[in-house]
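Welcome! Here are some short exercises, each with a worked solution, to help you find your way around. Please keep the viewer open as you read.

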Amino acid sequence: MLIAVTGGTGFLGGHTVAALLRRGHRVRLLARDPGRVPSTVDVVTGDVADPGAVARLVHGADALLHAAGVYTFDSRRRAEVWRVNVEGTSAVLDAARRAGTGRIVHVSTVGALFPTGEPSIGAASPVGAPREAYLAAKAEADRIARGHRDDGAPVTITYPPALLGPADPHLGDQNARLRDLLRGLMPMWPSGGLPIGDVRDSAELHARLFDPAAPGPAYFGPGHFLRTRDYLGVVRAATGRRLPAVFLPARAMFPVGRAADLLQRAWPWHIPAEYGALYVCATAVPVDAGAPHAGVPARPPLETVRDTVAWLHATGRLTDRQAGAVVLSSVSTVDAGAGAPTEEVLP
């Protein structure tokens, strides 16, 4: 099967491309920089918001994986977030419909379903109306994908959790927050919780959706819902470090997050306090236990955190002291020096 892929040089996209190639599929990537594309795949040079480029990408393809997106809560990048996540999704899915692409997988996020008045989310959950720029853009992209699906197009939507894992070429928000925690930059934590998963598990889920049997309308990336205290406990267990922290009500920290976002627009260096991260912790709920995940089990959070910390250390992003008790050989499936695709600034 020839699979057209957007976002294939990003974190989740890169891991998924590797899984597709292992299954014997042919892959054609859309990329702004062809030099970042492995020689084992075809490449179309261009941007997701360019109708001409995406038309060339999907021409003659059997299927499409639309994984491109900008994942960041950085207030300086709001225009980029909307252009890539919303305008790009519209351009890519429109092109796939015109080309008659036989299978379309759109990568959303569980955050597109927040906030909700229900105790959990699942395949029947409506798109949320989040009051945060990144999540609002992903929710709008989700509506676009659902519109095509409701119109009869062969669209499957996936909802990955916040992803950690090794081989993250851009060091996007989630892995960067773990690094900041271990560098001592996050002494204050919000209450609430967050959905956490391993990028390798979500990549396996996406690869399975291109197996011969037609997939269903929606799937959730394997993961776990962890209270913020429990997540910090996992990181402490992985590293053997105390990591002192003060916990405050998430919503009470909103003014701090908004102030940090305003300051970030003028401050050249990244500020760890972000309104978007606080908003997720305040609004996130677990995924239904019976939500479809294509039979891919979620590996234990401790394994994911250990592998991620080991990779951060091996690539020079953490010192020996910061990585603590993590053993470098715990990186189980990805070469610690690999540069595979986070921030998901994808093509």
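A residue is called buried when its relative accessible area is under 20%, exposed when it is over 50%, and partly exposed in between, using a 1.4 Å probe and protein chains only. Helices (H or I, at least four residues) and strands (E, at least two) are DSSP runs, numbered from the N terminus.

This is a predicted model, in which local features need pLDDT of at least 70 and side-chain atom pairs count only at pLDDT 80 or more, while totals for chains, interfaces and linings use all residues. Residues are numbered from 1 along each chain as its sequence is written, and side-chain values use heavy atoms, with hydrogens and water left out.

**Exercise 1. Find out how many residues of helix α5 are buried.**

Step 1: Select residues 173-182, the span of α5.
Step 2: Go through the helix; the buried residues are D173, Q174, N175, A176, R177, L178, R179, D180, L181 and L182.
Step 3: That makes 10 of the 10 residues, so α5 is largely enclosed by the rest of the structure.
Step 4: Look at what comes after the helix: α5 is followed by G184, which has a positive phi near 85°.

**Exercise 2. Describe the largest nonpolar core and say which element supplies its largest share.**

Step 1: Start with the term. A nonpolar core is a set of buried Ala, Val, Leu, Ile, Met, Phe, Trp, Tyr and Cys residues joined through side-chain atoms within 4.5 Å.
Step 2: The largest such core has 49 residues, and the members touching the most others are L30, V58, L64, L93, I121, Y159 and F220.
Step 3: Elements that each give at least two residues to this core include β1 (2-6), α3 (78-99), α4 (133-150) and β6 (155-159).
Step 4: The largest share, 8 residues, comes from α3.
Step 5: There is also a second, separate core of 27 residues, with A176, L178, L194 and V235 among them.

**Exercise 3. Compare the settings of T6 and T109: where does each lie, and what does each touch?**

Step 1: A contact here means heavy atoms within 4.5 Å.
Step 2: T6 belongs to strand β1. At 0% relative accessibility, T6 counts as buried.
Step 3: Leaving aside residues up to four places away in sequence, T6 touches L30, V48, L57, L65, H66, A67, A68 and V92.
Step 4: T109 sits in the loop between β5 (103-107) and α4. T109 is buried too, with a relative accessible area of 11%.
Step 5: With residues up to four places away again left out, T109 touches Y134, K138, T158, Y159 and P160.
Step 6: While you are in this loop between β5 and α4, find P115. The peptide bond from F114 to P115 is cis, with omega near -10°.

**Exercise 4. Is R236 buried, partly exposed or exposed, and what does it touch?**

Step 1: Locate R236 in helix α7 (residues 228-239).
Step 2: R236 counts as partly exposed, because its relative accessibility is 29%.
Step 3: Not counting residues up to four places away in sequence, R236 touches R241, R242, L243, P244 and A245.
Step 4: Zoom in on one of these neighbours: a polar atom of the R236 side chain lies 2.9 Å from the backbone oxygen of L243.
Step 5: L243 itself lies in the loop between α7 and β12 (246-248). L243 is buried, with a relative accessible area of 8%. Its phi is near 50°, a positive value in a residue other than glycine.

**Exercise 5. What lines the largest cavity?**

Step 1: Rolling a probe the size of a water molecule over the atoms shows where empty space is left. On a 1 Å grid over the protein atoms alone, a cavity is a set of points where a 1.4 Å probe fits but cannot get out, and lining residues have an atom within 4 Å of a point.
Step 2: The largest cavity holds about 40 Å³ of space, where a volume is the space filled by probe spheres set on the points, and grid points are joined across faces, edges and corners.
Step 3: T72, F73, D74, R78, V81, E132, A133 and Y134 form the lining.
Step 4: Sort them by type: 4 are nonpolar, 1 is polar and 3 are charged. In this sorting, Ala, Val, Leu, Ile, Met, Phe, Trp, Tyr, Cys and Pro count as nonpolar, Asp, Glu, Lys and Arg as charged, and the others, Gly among them, as polar.
Step 5: Helices α3 and α4 each supply at least two residues of this lining.

Definitions and conventions
Polar contact = N/O pair within 3.5 Å; in protein donor to acceptor, adjacent residues only side chain to side chain. 1 Å grid on protein atoms, 1.4 Å probe; cavity = no way out; pocket = protein on both sides within 12 Å on 5 of 7 lines; lining within 4 Å.
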